[in-house]
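Student: I am new to this structure, and I would like a close look at one part of it. Could you take me through the place where the two chains meet?

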Amino acid sequence: MRTPGSWRRFEGYAFVGPFLLLYIFILVYPLILGIGISFHRADLFGARQWVGTENYARLLADPVFHQSVGNSLKLVLLIVPPLTIIALALALALNRPTKTAAVFRGIFFSSSVLSVTIVTLIWRFVLTPDAGLVAKAMQALGRDPIPFLSDPNLTIPALAITTIWWCIGLPMMLFLAGLQQIPGDIYEAASLDKASRWTTFRRITLPSIRRTLILVVMLQTAAQLQLFGQAQLLTAGGPSGTSRPIVLYIYEVAFGRWELGYAAAAAELLFLIVLAVTLIQYWAVTRREPER
Amino acid sequence: MPSLELHDIRKAYGDTLVLDGVSLTMEACEFVAFLGPSGSGKSTLLRIIAGLETPDGGEILLDGRRIDQLPPGERDVAMVFQHYALYPHMSVRENMSFGLRNARVAREEIEARVAQAAHVLEIEEQLDKKPGQLSGGQRQRVAIGRAIVKQPKLFLLDEPLSNLDAALRLRTRVEIAQLRQRVDAALIMVTHDQAEAMTLADRIVVMNDRRIQQVGPPMEIYARPANSFVARFVGSPAMTLASAVLLPGDGSFARVRLGDGAEVETRVVASGLPADAPLHLGLRPENVTVTAPEAGTTKAKVELVERLGDRTLIYARLADGLEVTAQDEGDSRIRLGDEIGLRIDGGAAHLFGPDGAGHHAEPAA
């Protein structure tokens, strides 16, 4: 017979157990398996041959991989800063208790619920050089259409615009939540302290949502380093790999060339890049000011 | 020259009228308390003076200058907020200098003023800390300091003591009393605590139901309440109001009969009272003392005994069901359920007419 005391000790595990099991089987186990595979020459049918660090050595010398890492970093730089600024601006504009603001919050968030397939379809209609919305507008102005999806200099900006449009909802909501945490009386104190709108934003609002800002930048950096669907569907990585991000490279290696071990090694390197970038960001923004 | 003048201030939120034609004139360097229950409009009035709310009508002048059209920062007022409203990510020093920097005051001047204020408020040690590292009392002082350095013409204090525990409240009360000695400005404090208002203010503005009920020095408010609301609201425990009937008589002072038949001889001039109208007799606890059952003005049964040490408060019920608060010696032996006599000091009693207006005893010649 179990005593109530011993039951209490296991009660907590009963609650987290189902999640923990799922977490282990879906995330922890594949992660470890992936590390293992990255040291093998492996294909999709289960053949495994231990090669040590050969996959990693090859990757570090692979110009196509280098190009994809560069593309991913470019995408992050083109997406995260504008996304953060636009999301913050929208949140500031819509942080009011009116019905109109609620409607606009819904509209701006609605793009986030679309799947990547729909999003790329929509943006294809906009960007396609022969019949897209932008092309029509350019024609109306008497200019040549812009080849967004085929000019190597324009594919990454096109991906960035699509991604910003798609991803704006969540950061905007996070900023709205952050803004609503700021007590109203410190704004009143600031107005009595003769603070201009800009001073109020810079000295009151921005420091108050600093944590949200860090969170948004870190989440978006980690997410955009793993950008995949838009690139695959909109440009397929082309032309000549100029818009191929890391995950698309991993996908092509694993499921196009069936080199599972090599792809796993690339995935592990991506994991390290994401980890490093987010840790550096965290360190950079938290070292200056000890939290109270 | 008057410092603050309010002329016919009106404010409504939608259909709810919160201020209905409030007018007030403050003297230079005067300390005025807005006293009233929640919802009486006192905080709204303070926020209108600060510029945080816009009145629907009326004018506000400060030192002769019309300010109700100006933004809060241009009005020459400083406010201490109920929850302090310190900027959490700024140090105490930055909190105090923020307003001066926005007003483009010279750096040396800012430093001098902050140092001076920190010195008098004894927060020099805290200048480089964040508000989150301070105790409630220290935060309160930083909030006061932030107001002082601006050298405003008018200080506005919104329930400055309500967030503090009892011991700190007494200390801060002393600090606010000192503040008014130090500054060359008028002060307005909003409070629902009559003890704060009585001890600190030169004049009290009693507010209720969107209007000013009475304006006067604390003792006048206590001794000559303008109406039955003020009489009940100021003084603790509250004044007993007993239904009474004016008895015909030839004396110049009113004689009334209470519901249980007891008769009380007041020193309220009878000619000023409305004839044949129901009145209320107002009795402060100190004007009702306990006697032997047959020796007093009337008889009552004890329902609650509160021993305060120096005195004892007796809550008793008369034969007609009226509850009366009486006062007895500190070592009173009266117990729950006792039948006692009550001696009513009619000379100190108040009478309130059917409209609630107060009529008070003539001072003894």
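Tutor: What follows looks at one helix of chain A and at what lies around it. This is a predicted model, in which local features need pLDDT of at least 70 and side-chain atom pairs count only at pLDDT 80 or more, while totals for chains, interfaces and linings use all residues. Residues are numbered from 1 along each chain as its sequence is written, and chains are lettered from A and ligands numbered from 1 in the order in which they are written.

In this model, 14 residues of chain A are in contact with 19 residues of chain B (contact means that C-beta atoms, placed from the backbone, lie within 7 Å). The elements giving two or more residues to chain A's side are α9 (184-192) and α10 (197-208), and α9(A) gives the most, with six residues (helices are DSSP runs of H or I, at least four residues, and strands runs of E, at least two, numbered from the N terminus).

Within α9(A), the buried residues are A:Ile186, A:Ala189, A:Ala190 and A:Leu192 (buried means that 20 or more other C-beta atoms, placed from the backbone, lie within 10 Å of a residue's own). Seen down the helix axis, these buried residues fall within an arc of 160°, so they line one face of α9(A) (the arc is that of the directions from the axis to the C-beta atoms). Their cover includes α10 of chain A, together with α1 (42-50) and β6 of chain B.

In strand β6(B), residues 77-80, B:Val77 and B:Met79 point one way and B:Ala78 and B:Val80 the other, and all are buried. Back in chain A, α9(A) is followed by A:Lys194, whose phi is positive, near 65°.

Note on methods: Contact = placed C-beta atoms within 7 Å. Buried ≥ 20, exposed ≤ 12 C-beta atoms within 10 Å, placed from the backbone.
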